Amino acid sequence: MAGGAAKYRHLSRKSSHRQALLRNLVTSLFKHESITTTWAKAKEAQRLAEKLITLGKKNTEASRRRALETFYTPHDIVPKLFGPLRERYAERPGGYTRVLRVEPKKDDQAPSAILELVDGPKDMRFNMTARAVARQRSKGFETLNELTVTNVRKVTQFRKDGVEQLEQAIQQLGLEEQPKKPAFRKVKAEENEGDVRA
Amino acid sequence: MAARLFSPAASIARWAQFVQNPSVLSQTLFQPATLTLTIPGLLSDIWDSILRAVPKKKTSHMKKRHRQMAGKALKDVKNLNTCPGCGQIKRAHVLCPHCVSDIKKQWATAKTA
């Protein structure tokens, strides 16, 4: 772009349109804890969402006003932001949200992503890690691979009773999987051992 | 607009006058014809090679598409690995679509239950 590197993505919109879009995205994010959108929009909404959680953690009259004027449905979300979310992220030094790439959702094949609040009830990485560990155990391996170890650390580090919760999720998966899983899939899975990465 | 004002008979009369006037004809029509006839020897050498260097046939649709799509074929997807959650093949650095849809289904049932 002329005049040097862009400081933010313009998302092919004029300023007011972009602001409205981002406000809509973060309103949905705080309402549902997790949203699926295009990757570029997710990254831009992530910036705004992180700033809003910082406002929540500041918990002053000024920050409350800033939050009120950002959300489209402030009276549903501001109490949540200054209540449960503030407590959830009290110990965490930034990095309250996460963007995970997924297969394209839109029919123009634009790269899509999930934007989620870390350690929330809809934490996709938490669930994926639980699955990875459960599968590893079902195959009889006690040691996890490097990336799964990193993910376990990320997922349990600041979560309240993180290790216990992850263990519980793994146990639950083990109970559910056994009747559902067909026999042929297990054979196929054993053939594909190799580079296992998230 | 002006042409419509003349009747057809009038224009024919003007044409006849033009043809019958020998001075106009010799100056405008026949002079270039005599010029080309004087130098046919120079032209005939390059007539078949350069002056008529025009495609003999229209390029067919197939030929045109092959030419324009050359080097634009889809690339093979090589960045693949197995999903640690279910063991199926997935793209690297992208979540496994089967696991994602499974987990979302679980959330939906948990919400309704």
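Hi everyone. Let me open with two tyrosines: Tyr89(A) is buried, and Tyr96(A) is buried as well. Their ring centres sit 5.2 Å apart with the planes at 50°, so this pair is tilted. Before going on, please keep in mind that what we are looking at is a predicted model.

How many aromatic pairs does the structure hold over all chains? There are two. Besides the tyrosines, Phe30(A) pairs with Phe71(A) in an edge-to-face arrangement, 5.4 Å from centre to centre and with 90° between the planes. If you would like to find them, Phe30(A) is in helix α1 of chain A, residues 15-32, while Phe71(A) is in the loop between α3 (61-70) and α4 (74-88) of chain A. The two are 41 residues apart, and the pair links distant parts of the chain. Phe30(A) and Phe71(A) are both buried.

Now for the charged side chains. Over all chains, the structure holds 13 salt bridges. I'd like to start with Glu33(A), in the loop between α1 and β1 (34-38) of chain A. Is Glu33(A) buried or exposed? Its relative accessibility is 6%, so Glu33(A) counts as buried.

Glu33(A) forms a salt bridge with Lys80(A), where the closest N and O atoms are 3.1 Å apart. Lys80(A) belongs to helix α4 of chain A, so this bridge ties together parts that are 47 residues apart in sequence. Lys80(A) itself is partly exposed, with a relative accessible area of 22%.

Glu33(A) also meets the side chain of Arg88(A) in a salt bridge, at 3.2 Å from N to O. Arg88(A) is in helix α4 of chain A too, and here the partners are 55 residues apart. Arg88(A) is partly exposed, with a relative accessible area of 22%. To put that together, Glu33(A) is a buried residue with a bridge to Lys80(A) and another to Arg88(A).

Let's move along chain A to Asp119(A) and Arg159(A), whose side chains meet in a salt bridge at 3.7 Å, N to O. Where are these two in the chain? Asp119(A) is in the loop between β3 (112-117) and α5 (124-138), and Arg159(A) is in the loop between α6 and α7 (162-180), so the pair ties together parts 40 residues apart in sequence. Asp119(A) counts as buried because its relative accessibility is 9%. Arg159(A) is buried too, with a relative accessible area of 12%. And this pair has company: salt bridges with shared partners join Arg92(A), Arg98(A), Glu116(A), Asp119(A), Asp123(A) and Arg159(A) into one network.

A quick stop at Thr156(A), which lies in helix α6 of chain A, residues 146-156. With a relative accessibility of 14%, Thr156(A) counts as buried, since the cut-off is under 20%. A polar atom of the Thr156(A) side chain lies 2.7 Å from the backbone oxygen of Val152(A). Leaving aside residues up to four places away in sequence, Thr156(A) touches Gly162(A), Val163(A) and Leu166(A).

Finally, let's bring in chain B and see how the two chains meet. There are 22 residues of chain B in contact with 25 residues of chain A. The area buried between the chains is about 2,300 Å², and carbon and sulfur atoms give 57% of that. Which three residues supply more of the area that chain B buries against chain A than any other three? They are Pro84(B), Leu95(B) and Trp107(B), which supply 30% of it.

There are polar features between the chains as well. We have two salt bridges between chain B and chain A. Arg131(A) forms a salt bridge with Asp102(B), with the closest N and O atoms 3.0 Å apart. Four residue pairs are found in polar contact across this interface.

And which elements of chain B build its side of the interface? β1 (80-82), β2 (89-91) and α6 (97-112) of chain B each supply at least two residues. Helix α6(B) gives the most, with eight residues. Sorted by class, the side of chain B that touches chain A has eleven nonpolar, seven polar and four charged residues.

That's my tour. Thanks for listening!

Technical notes:
Residues are numbered from 1 along each chain as its sequence is written. Chains are lettered from A and ligands numbered from 1 in the order in which they are written. This is a predicted model: local features need pLDDT of at least 70, side-chain atom pairs count only at pLDDT 80 or more; totals for chains, interfaces and linings use all residues. Side-chain values use heavy atoms; hydrogens and water are left out. Contact means heavy atoms within 4.5 Å. Buried area is the accessible area (1.4 Å probe) that two parts lose on being put together, summed over both. A salt bridge is a side-chain nitrogen of Lys or Arg within 4 Å of a carboxyl oxygen of Asp or Glu. A polar contact is a pair of N or O atoms within 3.5 Å; within protein, one must be able to donate a hydrogen and the other to accept it, and residues adjacent in sequence count only if both atoms are side-chain atoms. Helices (H or I, at least four residues) and strands (E, at least two) are DSSP runs, numbered from the N terminus. Ala, Val, Leu, Ile, Met, Phe, Trp, Tyr, Cys and Pro count as nonpolar, Asp, Glu, Lys and Arg as charged, and the others, Gly among them, as polar. Rings of Phe, Tyr and Trp (its six-membered ring) pair if their centres lie within 6.5 Å; planes under 30 degrees apart count as stacked, over 60 as edge-to-face and the rest as tilted. Buried means under 20% relative accessible area, exposed over 50%, partly exposed in between (1.4 Å probe, protein chains only).
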